[in-house]
Structures are given as structure tokens and as C-alpha cells.
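Reader: I'd like to go through this model and hear where its labels come from. Can you take me through the reasoning?

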Amino acid sequence: MRITVFGATGGVGGHVVQQALAAGHEVTAVVRTSSSYDVKGPQIVRVAGLTEAGPLLDAVDGRDAVISGVGPRGTKSGPVASGSTRSILAAMAKTGVRRFVAVSAAPIGPPPPDESFLNRRLLLPMIRAIAADVYADLRVMEADITRSDTDWTIVRPPKLTNKAVTGRYRTSLGPTVPAGYLIGRADVAHLMLAAVANPAMIDQAVGVAY
């Protein structure tokens with residue numbers, strides 16, 4: 001497939017690029033002009049930022065799918081995910097590209113019915129309070145995605161680690177994964193690539209965890 005990856009210099013996006021190339025896909029990596037990026041293999045499109053759709057048109061035109069690993073790098077990053085995703089969605093609408101997979105976060109999703117009382121009443125509310133601005137931004141992003149005309153998938157991981165890809169993890173359509181505390185960035189990327197060709201994940205939010 002021809003896949004465009006936003007957030008290609010980030011932890012999840014970087015793994016998406018590498019795994020997509022290894023699988024034989026034609027990859028376009030979108031990176032900021034100010035970023036150092038020396039990965040061999042993908043076509044590289046440099047943009048000043050992701051605040052406008054116009055500069056992104058060439059990056060998505062003619063592609064089979066767009067994957068976004070764009071997200072905040074900290075609790076003080078501001079509305080990074082929502083603003084960037086809005087521009088990506090606008091570029092996709094103008095070029096007629098429909099398949100979109102984006103990363104969000106587990107605290108945005110509803111807990112599963114069998115989640116423990118401790119997690120439901122203590123741990124999740126505490127996590128949401130600590131990074132309230134980040135999750136508010138991701139909620140706006142998810143709302144924009146679900147209102148779009150794309151064939152979308154939103155992937156919601158819990159705490160991210162640098163564990164090497166395993167391809168072995170639990171997923172849940174809709175609610176988050178019960179007692180799901182960790183997932184490697186590489187395995188999030190693995191799921192996002194798998195989701196592109198999985199019709200069961202279209203117009204779905206997918207929880208993932210070990």
C-alpha cells in the first residue's frame with residue numbers, strides 16, 4: 001500500500017515508518033523542516049507545521065491510507081493533537097483519501113464492564129486529572145475524527161514503553177482493555193498498520209494493551 005505517516009519522528013510514528021517499510025509498503029514520512037530525519041527508505045515531505053491543510057496536500061494525495069502518530073510530548077504541549085489532526089483531515093477531504101488511523105490514549109475511552117473498582121474509581125480519575133489538558137485535546141481530536149467522512153480507526157494505548165515489537169497484545173473494540181497498564185510503542189505501531197487493512201476496525205476506537 002501507499003501510506004503516509006504523520007508524526008514520523010515520534011516514538012509511535014517512527015515505528016510505523018520502519019514496520020511499514022519492512023512490510024514492503026510505499027511510505028511517505030511527513031516531518032517538520034526543523035527536525036533532523038535521516039531514515040532511509042521513505043519519501044520525505046518536509047513541512048513548516050501542521051496548522052494548515054494546504055502544505056499537506058502533496059503528502060496525502062494518491063495514498064491508500066494515512067496514519068497519524070501525532071500527539072503531545074508532555075503535559076504542557078498545548079492542543080497539538082487536535083490542531084494537527086484537523087489539518088490532516090482537511091487535506092484528506094480535499095484529496096479524496098479515506099482510510100485514517102490515529103493514536104489517542106486509553107483514558108479517553110470508556111472502561112470495560114469488568115474493570116476493577118480500584119481502576120475505575122481511583123486510578124483512571126487520577127490519571128485523567130494529572131494530564132487534564134492533554135486528554136481534553138485528545139477528546140477534541142477524537143470528536144473531529146468521528147465526525148469526518150474518513151474510514152477511521154482510533155487506537156487508544158495506555159502507558160507507553162520502549163519494548164521491542166512482539167505482535168502479541170490484547171485489543172478491545174470500544175472500551176479499553178481490562179487491567180491494561182502498558183504497551184510498547186512498537187506494538188502500538190504494529191496494531192495501527194494491521195488496522196489499515198482490517199475492515200472490522202473501520203469507524204471504531206480500539207483499546208490495546210498487554
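**Labels and their grounds**

Author: Helices H3 and H5 are roughly parallel to each other. Keep in mind that this is a predicted model.

Reader: How do you know that H3 and H5 are roughly parallel?

Author: From the angle between them: H3 (residues 80-95) and H5 pack at about 20°. Angles under 35 degrees count as roughly parallel, so the label for H3 and H5 follows. Their axes are 7 Å apart, and the crossing is right-handed.

Reader: What makes the contact of H3 with H5?

Author: On the H3 side there are Val80, Ala81, Ser82, Thr85, Arg86 and Leu89. H5 brings Asp137, Leu138, Val140, Met141, Asp144 and Ile145. By class, the residues of this contact divide into seven nonpolar, two polar and three charged.

Reader: On to the sheet. Why do S3 and S8 stand at the edges?

Author: The sheet is open, with eight strands in the order S3-S2-S1-S4-S5-S6-S10-S8 and mixed pairing. Strand S3 (43-47) and strand S8 (170-173) each have a single partner strand, so one side of each is left without a neighbour in the sheet. Neighbouring strands are turned by 20° against each other on average, ignoring direction.

Reader: How do you know that S2 and S3 pair?

Author: Two strands pair if there are at least two bridges between them. Strand S2 (residues 26-32) is joined to S3 by five bridges, and the two run parallel. Valine 31, for instance, has arginine 46 in S3 as its bridge partner.

Reader: What makes the pairing mixed?

Author: Look at both partners of S10. S6 and S10 pair in the parallel sense over four bridges, with valine 155 opposite valine 206 in S10. S8 and S10, joined by four bridges, run antiparallel; here serine 172 has glycine 207 in S10 as its bridge partner.

Reader: Why is S10 called largely enclosed?

Author: Buried means under 20% relative accessible area. Five of the six residues of S10 are buried, so the rest of the structure largely encloses this strand.

Reader: And which strands do H5 and H6 lie across?

Author: H5 (residues 132-147) lies across strand S5 (99-103) and strand S6 (151-156), at about 155° to S6. H6 (residues 185-196) lies across S1, S4, S5, S6, S8 and S10, running at about 160° to S5. Angles over 145 degrees count as roughly antiparallel, so that is the label for H5 against S6 and for H6 against S5.

Technical notes: Residues numbered from 1 in each chain as written. Predicted model: local features only at pLDDT ≥ 70, side-chain atom pairs only at ≥ 80, totals over all residues. Heavy atoms only, no water. Axes fitted to C-alpha atoms, helices over the stretch in contact; angles between N-to-C directions. Contact = heavy atoms within 4.5 Å. Parallel < 35°, antiparallel > 145°, perpendicular 65-115°, else oblique. Left-handed = near helix turned anticlockwise from the far one by under 90°. Nonpolar A, V, L, I, M, F, W, Y, C, P; charged D, E, K, R; others polar. Buried < 20%, exposed > 50% of the residue type's maximum accessible area, 1.4 Å probe, protein only.
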